[in-house]
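Trainee: Before I accept any of the labels used for this model, I would like to go through them one by one and ask what each of them rests on. Could we take the value first and the cut-off second?

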Amino acid sequence: MDTFSSYITILVSILAIGKPVESLSCESSADCGEGNICTTSPVTGLDTCYPASCPEGWIMWNDETCLFFSTEQTSWDNAKIACEGQDAALAEIYDAEMDAFVLAEAEQRSDRYFWLGANDKESEGNFAWISGAPWGYENWKDANPDDWNGEDCLHTYWRSGGAGWNDWGCDNTGAYLCQIDPIVNYDECEASPCKNGGECVDGDNSYTCTCPPNTAGDNCESSCPDGWIMWNDETCLFFSTEESNWDNAKIACEGQDAALAEIYDAEMDAFVLAEAEKRSDRYFWLGGNDKESEGNFAWMSGAPWGYENWKDANPDDWNGEDCLHTYWRSGGAGWNDWGCSNIGAYLCQMDPIDYDDCASNPCQNGGMCVDGVNEYTCTCPSGFTGTNCELSCPGDWLMWEDTCFFFSTETTNWDGANVACEAKGAALAEIYDVDTNTFIIAEAQKRTDRYFWIGASDKAEEGVYAWNSGAPWNFTNWRSNQPDDSNNNEDCIHLYWRDWGIGWNDWICTNIGAYLCQTEPSEQ
């Protein structure tokens, strides 16, 4: 492996350290590390590494199969039923690697026979796996199968002289070997189920949402409008700063699709009174009165009147007081009846709202919408960016972060490269950081051209390199002993790579090389 390829391999390995396994794409379970499996994400549809495990009492083979060696002994047919009772099947062995593992595990146990999932019941001498999988690999012991006295079922068989497979009478009694796919612990948070800014915590095939203030629900799907506060995850409350009589307070709440608050228990009452004491107003109208029957207070909604918290000797109907409000002084807080035409603040209540900012499907091009509090964010698929994933690169360009890059196959001098990029509505590429540089040099190595002009030179002042755009010159990646201004006329920069290394080089501006353009993504 060449030096640069080794560097890239090491870099990728370093970047992967500490990353959740769920963030790693894969081609096979070998890419995922021990205890993990490569399988298709139910969210993205991409092959992804996930933690995998076996049920208690089972062992995992090769991060792809769970095996159960029974201690119970039974016939082949009953062994098949016993495995199916565990949502499994009698094991089937398709290669020497798994066979060696199974036989080694079998030798650690007191039983010498373990039924496998094959027989020749349908066609004597033609053993077949009960799943219908092709019959290829086999590991018969000694002169087996020999169909001695009608032996039609397959089992592992080991003695001190060796181990292998044997045909055996299906009614004989032996232990059995079941197999099942590993239990995959998908990352349920991958689908971003928590709304309104809730934090998702992945569990064992489950998730929980930690909801921010003023939101509630399993997925934090319920919230209160701005300026309201939530009580007990079930009610939104609004303490007005405006003052009004009781009838106008009722109208004001109804104007917000709410109602004057009704308090049914001591827990809510304590919360309301504590919140009221934080405010300059001492009186807040509630949704109760005794207008219809003096002395018999009732909630406007018709809810049963049960709990009450009158302060001092109230209600006292002093001068015809028929409406209910909270009332607090330094000496205590509680309820009071008051004249309905008096002026006070008011307390509205409403159910939490579940407004889905993703309902209009704002994310384009397959982007996944994540609902927030009066906002949403789009998680864009590869190749797209923008608030709504509406931006992408032209067909033969590559996206990195929020920039489109074009590796030319045409070759020209540095000035011609500038003109060619400008003709595409772009500019020669400028590289400001190591991550962008790593991406570009990795892509450059995939191409036949070994030189790519980029947008910097020291034409204005020898030895002082600058980006064409005037952006700050902070990051460089010069090859060893570069820049050297060989022959006193190398003023333009290009990427330069060989099998033994890659980096930046100063070069004569009239030399001929490919070029690298960059532009911003746009709506295509």
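**From value to label**

Trainee: Why is Cys-220 called buried?

Mentor: Cys-220 has a relative accessible area of 0%, and buried means under 20%, so the label applies to Cys-220. Please keep in mind throughout that this is a predicted model.

Trainee: How do you know that Cys-220 forms a disulfide, and with which residue?

Mentor: The sulfur atoms of Cys-211 and Cys-220 are 2.1 Å apart, and a disulfide is a pair of cysteine sulfur atoms within 2.5 Å, so the pair qualifies. The torsion about their S-S bond is about -95°, so this disulfide is left-handed. Cys-211, with a relative accessible area of 27%, is partly exposed, since that value falls between the 20% below which a residue is buried and the 50% above which a residue is exposed.

Trainee: What makes the link between Cys-194 and Cys-209 a disulfide, and is it left-handed or right-handed?

Mentor: The S to S distance of Cys-194 and Cys-209 is 1.9 Å, which lies within the 2.5 Å limit, and the torsion of about -90° makes the link left-handed. Cys-194 lies in the loop between β11 (183-184) and β12 (199-202), whereas Cys-209 lies in strand β13 (residues 207-210), so the disulfide ties together parts that are 15 residues apart in sequence. Cys-194 counts as buried at 6% relative accessibility, and Cys-209 counts as buried at 15%.

Trainee: What makes the disulfide of Cys-421 and Cys-517 a link between distant parts of the chain?

Mentor: Cys-421 belongs to helix α6 (residues 414-423) and Cys-517 to strand β35 (residues 514-519), and the two are 96 residues apart. Their S to S distance is 2.0 Å, the torsion of -85° about the S-S bond gives a left-handed link, and both Cys-421 and Cys-517 are buried. In the whole structure, the search finds 17 disulfides.

Trainee: Let us turn to the rings. Why is the pair of Tyr-283 and Trp-338 called stacked?

Mentor: The structure holds 41 aromatic pairs. In the pair of Tyr-283 and Trp-338, the ring centres are 4.7 Å apart and the planes differ by 10°; rings pair when their centres lie within 6.5 Å and count as stacked when their planes are under 30 degrees apart, so both conditions are met. Tyr-283 sits in strand β19 (residues 283-289) and Trp-338 in strand β22 (residues 332-338), so this pair, 55 residues apart, links distant parts of the chain. Trp-338 is buried, with a relative accessible area of 16%.

Trainee: Which residues do ring pairs link into a cluster?

Mentor: The cluster consists of Tyr-94, Phe-127, Trp-129, Trp-135, Tyr-137, Trp-140 and Trp-165.

Trainee: How do you know that the charged end of Arg-109 sits over the ring of Phe-69?

Mentor: The charged end of Arg-109 is 4.3 Å from the ring centre of Phe-69, and the distance limit is 6 Å, with a further condition of 35 degrees from the ring normal. The charged end of Arg-447 likewise sits over the ring of Phe-407, 4.3 Å from its centre.

Trainee: Why is Glu-84 counted as partly exposed?

Mentor: Glu-84 has 40% relative accessibility, and this value lies between the 20% and 50% bounds, so the label is partly exposed. Glu-84 lies in helix α2 (residues 76-84), and its C-alpha atom is separated by 21 Å from that of Phe-127.

Trainee: What makes the chain as a whole more spread out than a compact globule?

Mentor: The chain has seven helices and 35 strands. Its radius of gyration is 37 Å, well over the 24 Å that the globule rule gives for 524 residues, so the chain is more spread out than a compact globule. The C-alpha atoms fill a box of roughly 110 × 90 × 40 Å along the principal axes, and the centres of domain 1 (53-180) and domain 4 (393-523) are separated by 62 Å. Buried residues make up 45% of the 524 residues.

Trainee: Where does UniProt list the EGF-like domain?

Mentor: The unreviewed UniProt entry lists residues 185-221 and 354-390. Over residues 185-221, the chain is 0% helix and 27% strand, with the end C-alpha atoms 25 Å apart.

Technical notes:
Residues are numbered from 1 along each chain as its sequence is written. This is a predicted model: local features need pLDDT of at least 70, side-chain atom pairs count only at pLDDT 80 or more; totals for chains, interfaces and linings use all residues. Side-chain values use heavy atoms; hydrogens and water are left out. Rings of Phe, Tyr and Trp (its six-membered ring) pair if their centres lie within 6.5 Å; planes under 30 degrees apart count as stacked, over 60 as edge-to-face and the rest as tilted. Helices (H or I, at least four residues) and strands (E, at least two) are DSSP runs, numbered from the N terminus. Buried means under 20% relative accessible area, exposed over 50%, partly exposed in between (1.4 Å probe, protein chains only). UniProt positions are given in the numbering used here, feature names are shortened, and annotations may be inferred rather than shown by experiment. Domain bounds come from an automatic or database domain assignment. The radius of gyration is taken over C-alpha atoms; the globule rule is 2.2 Å times the number of residues to the power 0.38.
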